[in-house]
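The following exercises practise the reading of helices, loops and chain contacts in a protein model. Please attempt each task before reading its solution.

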Protein chains: 4
Amino acid sequence: MKYQSGRHFLQIPGPTNVPDRVLRAIDRQTIDHRGPEFQQLGLDVQKGLKRIFKTEGTVIIYPSSGTGAWEAALVNTLNAGDSVLMYETGHFATLWMTLAKRLGLNPEFIPGNWRTGVDVSVLEERLIADRSHALKAVCVVHNETSSAITSHIALIRKTIDRCKHPALLMVDTVSGLGSIDYRHDEWGVDVSVSGSQKGLMLPPGLSFNAVSQKALDASKKATLPRSYFSWEEMLGPNKNGYFPYTPATNLLYGLREAIHLLEEEGMDNVFQRHIRHGEATRAAVNAWGLEMPCKNETEFSPALTAVVMPEGHSEIAFRKLILERFNMSLGSGLGKFTDKVFRIGHLGDFNDLTLLGALSGVEMGLTLANVPHHKGGVDAAMQSLERVYQKK
Amino acid sequence: MKYQSGRHFLQIPGPTNVPDRVLRAIDRQTIDHRGPEFQQLGLDVQKGLKRIFKTEGTVIIYPSSGTGAWEAALVNTLNAGDSVLMYETGHFATLWMTLAKRLGLNPEFIPGNWRTGVDVSVLEERLIADRSHALKAVCVVHNETSSAITSHIALIRKTIDRCKHPALLMVDTVSGLGSIDYRHDEWGVDVSVSGSQKGLMLPPGLSFNAVSQKALDASKKATLPRSYFSWEEMLGPNKNGYFPYTPATNLLYGLREAIHLLEEEGMDNVFQRHIRHGEATRAAVNAWGLEMPCKNETEFSPALTAVVMPEGHSEIAFRKLILERFNMSLGSGLGKFTDKVFRIGHLGDFNDLTLLGALSGVEMGLTLANVPHHKGGVDAAMQSLERVYQKK
Amino acid sequence: MKYQSGRHFLQIPGPTNVPDRVLRAIDRQTIDHRGPEFQQLGLDVQKGLKRIFKTEGTVIIYPSSGTGAWEAALVNTLNAGDSVLMYETGHFATLWMTLAKRLGLNPEFIPGNWRTGVDVSVLEERLIADRSHALKAVCVVHNETSSAITSHIALIRKTIDRCKHPALLMVDTVSGLGSIDYRHDEWGVDVSVSGSQKGLMLPPGLSFNAVSQKALDASKKATLPRSYFSWEEMLGPNKNGYFPYTPATNLLYGLREAIHLLEEEGMDNVFQRHIRHGEATRAAVNAWGLEMPCKNETEFSPALTAVVMPEGHSEIAFRKLILERFNMSLGSGLGKFTDKVFRIGHLGDFNDLTLLGALSGVEMGLTLANVPHHKGGVDAAMQSLERVYQKK
Amino acid sequence: MKYQSGRHFLQIPGPTNVPDRVLRAIDRQTIDHRGPEFQQLGLDVQKGLKRIFKTEGTVIIYPSSGTGAWEAALVNTLNAGDSVLMYETGHFATLWMTLAKRLGLNPEFIPGNWRTGVDVSVLEERLIADRSHALKAVCVVHNETSSAITSHIALIRKTIDRCKHPALLMVDTVSGLGSIDYRHDEWGVDVSVSGSQKGLMLPPGLSFNAVSQKALDASKKATLPRSYFSWEEMLGPNKNGYFPYTPATNLLYGLREAIHLLEEEGMDNVFQRHIRHGEATRAAVNAWGLEMPCKNETEFSPALTAVVMPEGHSEIAFRKLILERFNMSLGSGLGKFTDKVFRIGHLGDFNDLTLLGALSGVEMGLTLANVPHHKGGVDAAMQSLERVYQKK
């Protein structure tokens, strides 16, 4: 590729921009994964992830993409043919459902229109109806990356509890963790699924399961075949910081540094930053007069914003123009949003000026692509940020 | 950890020393895995790996450790309860067998004493006896890392063919590929399993399946549940250089550079280098008067050397002394070799002087640990190398 | 320092943002500066710099900051007490003059108001008056970084020639080279002075003299004491790519890569990019209703923009607010512009979206600091860029 | 260059092997050299260097090679035509003398045979004879890198004091500092000269002057023209951690990390390590039956070892063979030692096994180049090291 001056703007909703300190931490000789230095590393990242997930329980680290952690959550806790309740919040919920089918489970998919998060009244109705407790798990997506919509996990837990339903609660927070407040223990999640390449500001290649005691108990009886993703295999060596097979050591170096950076900034500051950037981005989108899929004010994602292209305009062509002209990658429309919705990632290692650079690229792109819109999006975003700072 | 001056000598048989150029290639911002630049990367590494495996067929790249590629080989081609023939060449053969069991297969394990590679006469006998062709696959380890013994894959293929047995041939060449000549197509292998962190000189985190047409055909009928490791899922997007889920992009940067370096050196030169270092190392071990597990001259591994500790001496204590005193990691004894055998890795990014530094550390360590031995190992290794160069 | 998420915006007019590929090139083991690999490096960077300076003559590379190359230009060509004509275009012209005094020269300083470049009519008058040719050199600054004003070097040469004056022409293009078209040979410059940390996109630590034959001839008779900066010492070993003393090898790795990147982008594209960013920045400043020091339309620098703070407002306080709030460094007011003028660097490794991020930071900063201004600067800059692309 | 597997053995006596952590520290965006973060960096490296030089006085850091710091020592303290006493310990002493001449000084050079350090009886005689105190400075080399011979600086100071001679004592410890114990204050040195690329384990590009109060006082009256190297210019901004011109920021990042590493290892451990490696290397050279220039047991350098090639053998050809065959750079013969003496650097970031690898390369090289020698050098070195550890 011919050199393009300046930094690429990687504004897809993950992989996200990796801090230089994380890349530099990864850029180091691999060490003996059975030696004392590795042991310290292994213990450090386990402890660090517990703080990030806000759990006193167990966090398991896989050398895999987030998809692997989806699979891990299911194969460790369930049996062939088990029914699981899933909720169509968007493309990733759909993919997880498909994966469950492939593994021989029987997912029941509550249909959704990709415009809202999980509707707990629908969930409640379904759980109440399940008198025989045939549903072994409720699987939901915390931050649905395809539609930029969040679901209220604590509320879902309360709903399950209210129904006195014993189903495990499994949550995909791949694109939520590290960007949006997440509380595995407090919210009563049984298996949280996440990955390295979003809020954790790492390259892809690591995925995680945070696991409750209830889930661990379930895993002892679960009979789906498993080996690579087996919790049991992991738990023994993990106790001493080791792994049952060669871990992705260099990415673990990066993980340790990334956790360090997040905590240096302060997790609450990190969450506030994402909220601030979400608000500023929506101010811009509203000023442009463009639509967003999300219908509920309380469900807008702080991590990314989805934007509906006006009828007759292709988001694929639009993103191509922006990539070539402004050296910025935006997120594509996925599944039924293909060529209809583009997405602006504002998660991970990111700041105000980068956001405004990104929004400027979108605004100029709208002009150059002759997409009908009002000017003033960047202005609105600046005013949104100014208000935040003027309050202080 | 307190700084220890100079480079650590990572002489375990993998992960191996990663060339600085590979680490620097990894140390780069992650890119959009759905964009045009990634596409080129994806196609490049697929093509490169085909040259490395010497196959015109298909190579599949997983974001996982080598263990994942073991699992992938089995779940894509077999059905629950299938019998597979495995051969106990050492610890890794044993682990693969255990994994097969966990996946619901029915492995038949030909016992071995960890002193030889696969004995094809035993194999032949067993295959002839299997008139019903109940055995669906023969699974062997090319370079058994626990005992430093190689098996002759071409011969195994010929044996299967001579028996007219339809079993698939699956080969673990995790620690062979990139160090020892390997020919997926010519040798008639159906599934080759490998990983990034050995001869390919990368950090751990990528694994590979090279797949024959026969194996692909088998995968279409195979019914073991699979999703993350499903070839089918991979093959579609792979055609255009993409992946069905977020790939470990930064490790792929490294893979492209590592293939580049291997081919810059020349694969035949790479193999000759490993052979040269194997010979020099064995010259040292023989001079010390120590024993090696391998009983057949033609089965010594060029990639690493295993050494039996004299009775009454602990290899664990010995390696600890060497780690602390000389900042060198040696390979531990695995499985039944625990505390009895240590291993010297001489694979990956490595050269003559590093080998002699490593052997010096072993020789001084033997003295400091009061292990009975003769002096002159390093001298013997130097003479072995000198002879190579004097011939030229 | 506590981690601040996202990239720092380094918008001082040098050191500039260093491309990751340049940093990675520097991040490599140092090699023997007397060996064959270094020789190739030495020859490569010499040749590359000749293309950058547009000279067939000699380019000398010092391990020093740009200040060293100022000193080198003078000590190699002049004698104690020599008169040299200098022109007060701003702070850096003043510093060079002071340096000349310290070296025992007799600089004559044509006063300026920091609002224009070199006025060639004033120059002409002075040269005509110098009938005895007492003035041995004319020293001017190509891109005066303190005031963001360029001077027309070709015109200065023509003026000297028209006066038939034998003075050497020495030009400081520290912040011009690599950002603004520069033609050492065509423009008849005798000594061009530059440094690594501006348009060449390198960390500081290297400086350059491009030298004409006339200057080389002068150096043979020049008697100012010199050793470290002596051209003669350099020229011998340089012929073969070597240096008379240990060179800054790792920065030379970076220099080779930086030249590569500039030429990959295309030097004319690089110059157009800086012109485009200069125009967009001035559009913003004009929209804000703020003043710029530069009085002549043809003398605005494409590499940076200086902005006068409204009366009663401190640029120091303003930059501090922006640094702390938006993680952006702007250039300070220098010399008599201290606390009165701030500067926005838009040179080096940079692109449209980064510029707009930077300008957004300035615009929000103006609001937060209660500096009187009109809104709409970023909008004006976007429109300026859109016009460029709509023309194409 | 075609890739050569494994690490290059950089066994020249500087530049030395740079620790990965130092390279990674350098591999970071440049920051504003006038901002608060730089200030901290500037103060940190000044304080750190004071500890390294063992001085409470002033340390000045130049963006230049060590040669620049030679020049700085002289131009800041002396006047045109001043007599300075220098001592021919080898090539670098000779270069410094030549540099003094170029700067208009009048060096008096006590001849030496490159086989010993400074003979203080000769020095004493000369100082006593200088009744008029015409000699303004005594300039000596602490660790003469061309001959691998050290001089006893404390003894030289005592000699000067015994003679009640007011001459300044200036010491080149470019290749001594950070490898061999050095005590600027305790030894009464007035100007210590050093550089980054030896014991400090950095790439070349920084040089240092440690300065006594007496030298500072002298600088106030000294009239040699100077600007770039002027202490006075430096001292003002240095007080607050800043520099009068753009410093080599990225190398300063490296310097901070290098000081950190040295102190993590412990300076006394660092010195012991170099002593241990000097002894082991000489054991090898003696076993080979080769000669070393150094005639006095107490003057052998712990930082490098010089070896005389047997009559009729070219060190240039020998080093070329070793570079091509074993990927190791050895130091060349300099000045009158050209093609007669080669040098083995064992300073900087280095350890036992790397030393033995390096010595193995020399021993095999002697064989392959048909240089008459006895075998057993590496054996002798191993035994030398074993003895050190067995004592403990």
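This is a predicted model, in which local features need pLDDT of at least 70 and side-chain atom pairs count only at pLDDT 80 or more, while totals for chains, interfaces and linings use all residues. Residues are numbered from 1 along each chain as its sequence is written, and chains are lettered from A and ligands numbered from 1 in the order in which they are written.

**Exercise 1. Cis peptide bonds**

Task: State where B:Pro15 lies in chain B, and describe the peptide bond from B:Gly14 to B:Pro15.

Solution. Begin with the position: B:Pro15 belongs to the loop between β1 (9-11) and α1 (20-26) of chain B. Helices (H or I, at least four residues) and strands (E, at least two) are DSSP runs, numbered from the N terminus. Next, consider the bond: from B:Gly14 to B:Pro15 the peptide bond is cis, with omega near -5°. Finally, turn to chain D, where the bond from D:Gly14 to D:Pro15 is cis, with omega near -5°. D:Pro15 is found in the loop between β1 (9-11) and α1 of chain D.

**Exercise 2. Positive phi outside glycine**

Task: Determine whether B:Trp114 is buried or exposed, and then classify D:Lys54 in the same terms.

Solution. First, recall the cut-offs: a residue is buried if 20 or more other C-beta atoms lie within 10 Å of its own, exposed if 12 or fewer, and partly exposed in between, with C-beta atoms placed from the backbone. B:Trp114 has 24 other C-beta atoms within 10 Å, and is therefore buried. Its loop is the one between β4 (106-110) and α5 (120-129) of chain B, and its phi is near 65°, a positive value in a residue other than glycine. D:Lys54 has 18 other C-beta atoms within 10 Å, so D:Lys54 is partly exposed. The loop that holds D:Lys54 runs between α2 (36-53) and β2 (58-62) of chain D. Phi of D:Lys54 is near 55°, again positive in a residue other than glycine.

**Exercise 3. A helix checked for length and burial**

Task: Test the length of helix α9 (residues 249-265) of chain A against its expected span, and state how many of its residues are buried.

Solution. The expected span of a helix is 1.5 Å times one less than its number of residues. For the 17 residues of α9(A) this gives 24 Å, and the end C-alpha atoms are 25 Å apart, which agrees. As to burial, 12 of the 17 residues are buried, so α9(A) is largely enclosed by the rest of the structure. Among the buried residues are A:Leu251, A:Tyr253, A:Glu257 and A:Ile259. The buried residues of α9(A) pack against α1 (20-26), α2 (36-53) and α10 (267-288) of chain A. Just after α9(A), A:Gly266 takes a positive phi of about 100°.

**Exercise 4. Two helix pairs**

Task: Describe how α2 and α9 of chain B pack, and how α9(D) and α10(D) pack.

Solution. Axes are lines fitted to C-alpha atoms, for helices over the stretch in contact, and angles run from 0 to 180 degrees between N-to-C directions. Angles under 35 degrees count as roughly parallel, over 145 as roughly antiparallel, 65 to 115 as roughly perpendicular and the rest as oblique.

- Helix α2 (residues 36-53) and helix α9 (residues 249-265) of chain B pack at about 45°, with axes 9 Å apart. They are therefore oblique to each other.
- In chain B, the residues of α2(B) that meet α9(B) include B:Phe38, B:Leu41 and B:Ile52. Two residues are in contact if their C-beta atoms, placed from the backbone, lie within 7 Å.
- α9(D) and helix α10 (residues 267-288) of chain D pack at about 80°, with axes 5 Å apart. That makes α9(D) roughly perpendicular to α10(D).
- D:Leu262, D:Glu263 and D:Glu265 of α9(D) meet D:Met267, D:Asn269 and D:Val270 of α10(D).

**Exercise 5. The contact between chains D and C**

Task: Which element gives the largest share of the side of chain D that touches chain C?

Solution. Chain D places 47 residues in contact with 47 residues of chain C. The elements giving two or more residues to this side of chain D are α1 (20-26), α3 (66-75), α4 (91-102) and α9 (249-265). The largest share, 4 residues, comes from α3(D).
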